[in-house]
Amino acid sequence: MPKKLTIVGKPLPNVPWEDRPAGSTDVMWRYTGNPIIGRHPIPCAQAIYNSAVVPYGNGFIGVFRTEYKTRMPYLHVGRSNDAIHWEIEHDRIELQCDDPEIARMEYAYDPRVCKIDDTYYVTWCNAYHGPTIGAAKTKDFKTFTQLENAYLPCNRNGVLFPRKINGNFAMLSRPSDMGHTPFGDIFCSQSPDMCFWGKHRFVMGTGAGGWWESTKVGAGPIPIETSEGWLLIYHGVLTSCNGYVYSFGGALLDLDEPWKVRYRARTHLLTPEAEYETCGFVPNVCFPCAALCDPKTGRLAVYYGAADTYVAVAFAKVHELIEFIKADSTV
């Protein structure tokens with residue numbers, strides 16, 4: 001990895017990894033063992049997808065969108081030694097909350113997990129008179145304390161930054177509507193306490209790269225801090241004659257003012273092509289939700305939901321991603 005690029009974070013030498021396939025020039029490539037979580041992974045579940053993982057102890061832990069056979073989604077904890085083979089708890093997360101107004105659990109989906117200082121924060125799409133961003137904190141992934149919902153309905157894809165910026169927590173989100181949302185831009189909001197959110201700033205809209213992201217965009221994994229800016233992997237959506245198509249996009253945000261886009265690639269990083277991405281409950285979906293990165297080597301493993309049915313992994317090298325985004329940028 002070029003010495004001039006700095007990636008902020010603790011070493012992660014056991015990050016999952018496969019080298020780029022021979023003859024490939026892609027900046028991002030799929031794990032040959034995909035999908036890593038298939039259909040009916042635990043007795044109560046129809047599928048697990050759109051889930052978040054983080055390093056924990058000597059291994060890895062995650063919060064998984066677990067879709068029951070009623071098709072209602074809830075959150076379950078999963079553990080792994082290698083971040084590829086997962087043991088998912090059969091019982092869903094029970095949130096501790098003293099306020100019955102927000103403690104009602106209708107559904108919970110598309111979680112992200114972000115460690116800030118010594119606390120892990122979970123954000124997800126929560127039901128409160130429509131979809132909004134729920135939030136909880138934990139230190140041991142056994143007790144989860146529910147916090148106030150971050151925003152008014154309707155909103156989705158709440159993604160925290162992994163440290164405070166100018167003294168405030170910062171979160172990306174995508175204001176939306178009650179349904180499948182045939183629109184959507186990314187905004188950045190700030191909070192002094194994870195309770196009151198304001199200073200809402202526009203980050204990016206649709207269509208900058210072309211049709212592949214012409215319908216809506218939304219933040220994906222927790223942004224990765226580098227000397228070139230915050231590396232943001234996001235999803236962009238096309239409305240085709242056969243429905244939505246979800247692909248990966250890439251951008252670099254300003255370190256101190258993360259609502260300012262420094263670079264943004266015109267072309268997608270990954271688009272549905274493998275059978276487990278094009279065939280499933282919702283075809284043609286690659287939905288990134290988490291990333292594991294080793295700062296020393298720049299190795300990056302991105303976890304994504306495939307066809308709203310599976311969990312899959314793709315690989316990249318951070319310095320190559322950044323070079324690609326800068327060279328392909330529309331900004």
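**Strand pairing and salt bridges in a predicted model**

Strand 11 and strand 12 (residues 169–175) pair in the antiparallel sense over 4 bridges, where two strands are said to pair if DSSP finds at least two bridges between them, and where helices (H or I, at least four residues) and strands (E, at least two) are DSSP runs numbered from the N terminus. The model is a predicted one, in which local features need pLDDT of at least 70 and side-chain atom pairs count only at pLDDT 80 or more, while totals for chains, interfaces and linings use all residues. Residues are numbered from 1 along each chain as its sequence is written, and side-chain values use heavy atoms, with hydrogens and water left out.

Within the pair formed by strands 11 and 12, valine 159 stands opposite leucine 172 in strand 12. Both strands belong to an open sheet of 4 strands, which has the order 11-12-13-14 and antiparallel pairing. Strand 11 (155–160) and strand 14 (198–204) stand at the edges of this sheet, and each has a single partner strand, so that one side of each is left without a neighbour in the sheet. From one strand to the next, the twist averages 30°, the axes being lines fitted to C-alpha atoms (for helices over the stretch in contact) and the angles running from 0 to 180 degrees between N-to-C directions.

The structure also holds 14 salt bridges, a salt bridge being a side-chain nitrogen of Lys or Arg within 4 Å of a carboxyl oxygen of Asp or Glu. In one of them, glutamate 277 is joined to arginine 30, with the closest N and O atoms 2.8 Å apart. This pair links distant parts of the chain, since glutamate 277 lies in helix 2 (residues 275–278) and arginine 30 in strand 1 (residues 29–30), 247 residues apart. Glutamate 277 has a relative accessible area of 0% and is therefore buried (buried means under 20% relative accessible area, exposed over 50%, and partly exposed in between, with a 1.4 Å probe and protein chains only).

A further salt bridge connects arginine 79 with glutamate 89, whose closest N and O atoms are 2.4 Å apart. Arginine 79 lies in strand 4 (residues 73–80), whereas glutamate 89 lies in the loop between strand 5 (87–88) and strand 6 (95–96), so the pair ties together parts that are 10 residues apart in sequence. Arginine 79 is partly exposed at 31% relative accessibility, and glutamate 89 is partly exposed with a relative accessible area of 33%.
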